Amino acid sequence: MALQGLVDWRGRPVNPTRHGGVKATMFVYFLIVATNIANVPMILNLVNYLLGTMHMSIKDASTTSTNFFGAICFFSFLGAFISDSYIKRFYTILVFALIEIMASIIINGQGGYTILAVQAHIPSLRPPPCDIINHPNECTPVSGRNLSLLNLGLYLIPIGEASLRACAAALGGDQFDGDDPAELPSKISFFNWFEFCFSLGGLVGLIVMAWVQDTAGWGLSFVLAALMVVAGTVVVVGGLPFYRQQKPTGSPLTRILQVFIAAFRKRKLSLPENLMELHEITDGTGTNVELMETTPGFKFLDKAAVVDGDTRSWSLCTVTQVEEAKIILRMLPIFLSSVLSYVPFALLLTLTVQQGATMDTRLGATSIPPACLFIVALLFQLSFLVVYDRAVVPRLRRATGYAGGVTNLQRVGVGFASSAVALAVAAAVEGRRRSGASAADPPMSVFWLTPQFLLLGVMDVTSFVGLLEFFYSEASAGMKSIGGAIVFGVLGIASWLGSLLIRVVNRATARHGGWLGGASLNDSRLDLFYWLLTLVALVAFFLYLFCAWMYSYRHDPKMQPIIEDDKSSPASSTKKAAV
C-alpha cells in the first residue's frame, strides 16, 4: 500500500518526513492511557459495585459486568464502519470521544458516568446498605426505575468508548508504512506499545480509582473517569498536524455484499482461462486505494468479476472487491475459534475479583481491594512487553526470519494455551478456598490468586496483541478500522457467550442449587465451573491450532532477505502460516 491513499489534515499528500512515525503515535498513546485510566478499573471492579452497592446476586452481577464489557467491544464496529466508509479515523475518534464526554457531563444526569455518579451519591437511587457478606438474605437488590437508571448509565458509555478504541488502533497503524523496510519494525512495535498503553492506563487507574472508590466513594471515581476522557481528547486533537490519514473508500460492507450477489447471478458462467481478463479498474477512477491480484480459493466468487456486458455495480465487481470478500472468508475460522477461546478468559477475569472478595485481603496492617491484584498482572505485562519488544523480537527476527519474531498466529496460540493453564490453577485454588471456608478455617490469603493473574497477563500480551496485528495487517486498505474492531468484537461476543454459559450452567445444575446460583461464593460451586471452563479452553485451543495451521497469509510474514532488523524487507507472496 505504501503511502497511497494517505493525506494530511488538509487533504494533501503526506510528507513522510513530517507526517506519521513515532511522534504521531505519541498522541494516540496518550489517548489510550487516559481512557483506560477511566475504563479499566470500572470493567474490573464493576462486579463488586453491583454486589456491594446494588446488592445484585452473583449471577446477575456477573452477567451485567460481562455485558457491559461486551457492549464496549461490540460497539467498536460502529465507529470502525464509519471511519472506513465516510469520514477519516481522526474525525471519527473526535466525534465519538465527544459523545462519551457529553454522555458524562450532561446536566440532570442524562448520561453515562454522570448517571452512575448521581446514583452512587444519592441514597434514594440505590438499595439501602446491608452486610452482603455475612447477611446476604437481608439485602434488597436494585430494581425498578433504579435498575433502569443503572443500565442506562452503564450502556451509554460504550457507544463512545468502543468506537474510540477501534479507530485509535487503526489510526496508529496508519502512521507507519509496512512496505518501507525502515518503518516496518516500528509498525510491528506499535501494537506492542499500544497494548503497553492499555496496561499502563489500567495500572494507574487501578491504583488511583480503586483508592478513590474505597475512600471517597464511587461517585467521585465516575467524575474523575469523565475528566480523563476529556484530557485524552484534548491531547489527541493536538496531534492533528502530524497524522497520516487514510481517505475513506466507501462502505466495505456494500462492496462485499455486491460480490456475493454478483457471483450468485453469474453462478452458471465459466471463468476465463486467463484470469487477467477479469474486471479491474486500474486507471485511478475507482475508490480503492489498494489493488489486489486474484488468489487461489473461493473460485465461485471470482465469477463476480467476469465481464458479461452488464456493468451495473451489483452485477460486475472488480478483482479487488472479490479479494476483499475472500479475505473475510479466510479470516472467519480464526475469528470463530478465537471467540470460543476468549469465553473462559472473559469469565475468569470477572469471577477472579469475586474470589478475592471472599479471601483475606490483608497486606501487613493494610487491607487491599481485590481488584488491585490486577496490578500484579499489569506490572508483569508492562515489564514483559518492554523486554519482548526491545530484546526478544530482534533476536527472534534474526533466528526465524519472521518480521515479528514469530507469526501473529503463533503468538496468539501461546496466549490461548496459557488461558487453559490459568483456568486449571483457578479451579484448584477455588477448591482449596471453598474447603477451608466450609471447615471454618482462617480465610486463604488473596495472594493465592497471583498465579492465575499472571497467566491472564500472559494471555493478554500475546493473544490480544497478536490478534490485533493479525486482523489489521490482513485486512484490506479500505477495512483497517474494521480489522481492529474485529478483535474487540471477539472479546465482546465472548463476554456475551460467557453470560449465556452462566445461565445454561445454572439451569443444568438447578437441582443442586446452581453452580453460580448462591447468594455468595460459599454457597456456589465456582470450582466445578472453573473445571468446566478448563475443558472449554482446551477444546477451543486445539480448534484454533487447526484453523491457524490451515490459514494462508496475504503477505509472507518472513523478511527476505534476512539481514539486519532495520534493513530487511517483507515479501509479498502468500504463504502458509507456520504454527
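Helices in this account are DSSP runs of at least four residues, numbered from the N terminus, and the model in which they are found is a predicted one. With that convention, helix α7 spans residues 184–215, and because Phe 194 and Phe 198 lie 4 residues apart within α7, about one helical turn separates them. This pair is taken up again below, once the overall architecture has been set out.

The secondary structure of the protein chain comes to 16 helices and 4 strands. Of its 579 residues, 57% are buried, and among contacts with a separation of 6 or more, 81% are between residues 24 or more positions apart.

Confidence varies along the chain, which averages a pLDDT of 82, with 85% of the residues scoring at least 70. Among the elements, the lowest mean pLDDT, 53, belongs to helix α5 (residues 112–121), whereas the highest, 94, belongs to helix α16 (residues 526–550). Over residues 105–112 the pLDDT is below 50, and the model gives this stretch 13 contacts beyond near neighbours in sequence. Residues 560–574 also stay under 50, with 37 contacts beyond four places in sequence. Where pLDDT is low, the predicted coordinates should not be read in detail.

The interior can be approached through the largest nonpolar core, which has 144 residues, and in which Ile 334, Tyr 342, Phe 471 and Phe 529 have the most contacts. Helix α1 (residues 22–52) gives the most to this core, contributing 17 residues. In soluble globular proteins, nonpolar side chains tend to be buried together. The surroundings of Ile 334 give a view of the core from one of its members: leaving aside neighbours within four places in sequence, Ile 334 is in contact with Leu 409, Leu 467, Phe 470 and Phe 471, and also with Tyr 544, Cys 547, Ala 548 and Tyr 551.

Helix α2 (residues 58–74) has 17 residues and reaches 24 Å from its first C-alpha to its last, close to the 24 Å expected at 1.5 Å a residue. Since 14 of the 17 residues of α2 are buried, this helix is largely enclosed by the rest of the structure. Thr 66, which lies in α2, is itself buried, with a relative accessible area of 2%. Its C-alpha is 6.6 Å from that of Ser 499, although the two residues are 433 apart in sequence. Not counting residues up to four places away in sequence, Thr 66 touches Ser 499 together with Ala 346, Leu 347, Thr 350, Ser 495 and Trp 496.

A buried position of another kind is found in helix α13, which contains Arg 411. Arg 411 has a relative accessible area of 8% and is therefore buried, the cut-off being under 20%. Beyond its neighbours within four places in sequence, Arg 411 is in contact with residues including Asn 192, Leu 385, Tyr 388, Val 461 and Ser 463. Between Arg 411 and Met 459, 48 residues apart in sequence, the C-alpha to C-alpha distance is 9.4 Å.

Aromatic rings offer another route through the fold, for a search of the whole structure finds 26 aromatic pairs. In the pair formed by Phe 194 and Phe 198, the ring centres are 5.3 Å apart and the planes are at 55°, so the pair is tilted. Both Phe 194 and Phe 198 are buried. Phe 416 and Tyr 544 form an edge-to-face pair, with 5.0 Å from centre to centre and 90° between the planes. This second pair links distant parts of the chain, as Phe 416 belongs to helix α13 (residues 408–438) and Tyr 544 to helix α16, 128 residues apart. Phe 416 and Tyr 544 are likewise buried.

Ring pairs also join Phe 194 and Phe 198 into a cluster with Tyr 29, Phe 176, Phe 190, Phe 191, Phe 464, Tyr 472 and Phe 488. Over the ring of Tyr 472, 4.7 Å from its centre, sits the charged end of Lys 480. Elsewhere, Arg 432 lies over the face of Trp 448, at 5.6 Å from the ring centre.

A last detail concerns the backbone at Phe 298, which has a positive phi of about 50° although it is not a glycine. Phe 298 lies in the loop between α9 (252–265) and α10 (299–302), and is partly exposed, with a relative accessible area of 31%.

Conventions. Residues numbered from 1 in each chain as written. Predicted model: local features only at pLDDT ≥ 70, side-chain atom pairs only at ≥ 80, totals over all residues. Heavy atoms only, no water. pLDDT = per-residue confidence, 0-100. Helix = DSSP H or I, 4+ residues; strand = E, 2+ residues; numbered from the N terminus. Contact = heavy atoms within 4.5 Å. Expected span 1.5 Å × (residues − 1). Buried < 20%, exposed > 50% of the residue type's maximum accessible area, 1.4 Å probe, protein only. Core = buried A, V, L, I, M, F, W, Y, C linked by side-chain atoms within 4.5 Å. Phe/Tyr/Trp six-rings, centres within 6.5 Å; stacked < 30°, edge-to-face > 60°. Lys NZ or Arg CZ within 6 Å of the ring centre and 35° of its normal.
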